Amino acid sequence: MKILVLNGPNLNMLGIREKGIYGNETYEDLVRFIEETANEEGIEVEIVQSNHEGALVDRIQQAYFDKTEGIVINPAAYTHTSVAILDALKAVNLPAVEVHISDVSQREDFRQISYAGKACVKTIMGKGFLGYKEAMLFLLERSNGEGK
Ligand code: DQA
């Protein structure tokens with residue numbers, strides 16, 4: 001199975017930014033963790049991070065044409081603002097799982113709306129890096145189920 005993992009703005013600052021919320025591990029640690037999970041499970045993975053909304057939209061659109069079968073997306077702050085990312089996810093119509101490292105349900109009011117989440121089959125929050133693994137396994141099981 002081919003999965004795209006997309007990370008939005010400031011996630012490249014993991015290990016530096018708000019450690020009390022996001023932890024001490026770095027973005028490179030996250031990439032390694034996702035790659036290890038992919039190797040263990042026989043998943044083909046591409047991991048992309050961008051601080052730019054349009055670049056995230058472009059990469060989602062590309063997924064329609066490059067045989068991506070599922071998307072794991074942490075749109076970060078764009079979760080709460082971006083109709084463009086929501087529309088891109090709807091446009092490609094691939095199964096997508098929304099992941100947040102922190103438990104956004106327990107945070108500020110402005111984080112309580114998720115636009116991207118409206119186009120996702122599942123949302124995982126507050127589980128740190130493990131949320132990405134759970135999302136990948138969910139997509140894998142879902143695609144195996146559909147193959148039967
Ligand atoms: C985040 C939560 C968002 O509200 C925030 O803007 C982020 C990271 C998370 O992974 O917990 O940048 O998506």
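The following exercises, each with a worked solution, concern a predicted model of a protein.

**Exercise 1. Overall build**

Determine how many helices and strands the protein has, and in what order the elements run.

*Solution.*
Step 1. The protein holds five helices and five strands.
Step 2. Read from the N terminus, the order of the elements is β-α-α-β-α-β-α-β-β-α.
Step 3. The radius of gyration is 14 Å, close to the 15 Å given by the globule rule for 148 residues, so the protein is as compact as a globular protein of that length.
Step 4. Taken along the principal axes, the box filled by the C-alpha atoms is roughly 45 × 30 × 25 Å.
Step 5. Of the 148 residues, 32% are buried.
Step 6. Among contacts with a separation of 6 or more, 75% join residues 24 or more positions apart.

**Exercise 2. The packing of α3 and α4**

Establish how helix α3 and helix α4 are oriented towards each other, and which residues make the contact.

*Solution.*
Step 1. Helix α3 covers residues 53-65 and helix α4 covers residues 83-92.
Step 2. Their axes lie 9 Å apart and form an angle of about 5 degrees.
Step 3. Because angles under 35 degrees count as roughly parallel, α3 is roughly parallel to α4.
Step 4. On the side of α3, the contact is made by Glu53, Leu56, Val57, Ile60, Gln61, Ala63 and Tyr64. On the side of α4, Ala84, Ile85, Ala88, Leu89, Ala91 and Val92 take part.
Step 5. Sorted by character, the residues of this contact comprise 11 nonpolar, one polar and one charged.

**Exercise 3. The buried faces of the two helices**

Identify the buried residues of α3 and of α4, and state what covers them.

*Solution.*
Step 1. In α3, the buried residues are Leu56, Ile60 and Ala63. Seen down the axis of α3, they fall within an arc of 50 degrees, so they line one face of the helix.
Step 2. The face of α3 turned away from this buried side bears the exposed residues Gly54, Asp58, Gln61 and Phe65.
Step 3. The cover over the buried residues of α3 includes β1, β3 (70-74) and α4.
Step 4. In α4, Ile85, Ala88 and Leu89 are buried. Viewed along the axis of α4, these residues fall within an arc of 100 degrees, so they too line one face of their helix.
Step 5. The buried residues of α4 have a cover that includes α3 and β4 (96-100).
Step 6. The residues that come after the helices also deserve attention. Lys67, which follows α3, has a positive phi near 70 degrees. Just after α4, Asn93 has a positive phi of about 55 degrees.

**Exercise 4. Two individual residues**

Decide whether Pro9 and Phe33 are buried, partly exposed or exposed, and describe where each is found.

*Solution.*
Step 1. A residue is buried if 20 or more other C-beta atoms lie within 10 Å of its own, and exposed if 12 or fewer do.
Step 2. Pro9 has 16 C-beta neighbours inside 10 Å, and therefore counts as partly exposed. Phe33 has 16 C-beta neighbours inside 10 Å and therefore also counts as partly exposed.
Step 3. Pro9 belongs to the loop between β1 (2-7) and α1 (19-22), whereas Phe33 is part of helix α2 (residues 27-41).
Step 4. Leaving aside residues up to four places away in sequence, Pro9 touches Asn51, Ala76, Ala77 and Tyr78.
Step 5. Pro9 and His52 are 43 residues apart along the chain, yet their C-alpha atoms are separated by 6.8 Å. For Phe33 and Tyr132, 99 residues apart along the chain, the C-alpha separation is 8.8 Å.

Definitions and conventions: Residues numbered from 1 in each chain as written. Predicted model: local features only at pLDDT ≥ 70, side-chain atom pairs only at ≥ 80, totals over all residues. Axes fitted to C-alpha atoms, helices over the stretch in contact; angles between N-to-C directions. Helix = DSSP H or I, 4+ residues; strand = E, 2+ residues; numbered from the N terminus. Parallel < 35°, antiparallel > 145°, perpendicular 65-115°, else oblique. Contact = placed C-beta atoms within 7 Å. Nonpolar A, V, L, I, M, F, W, Y, C, P; charged D, E, K, R; others polar. Arc of directions from axis to C-beta. Rg over C-alpha atoms; globule rule 2.2 N^0.38 Å.
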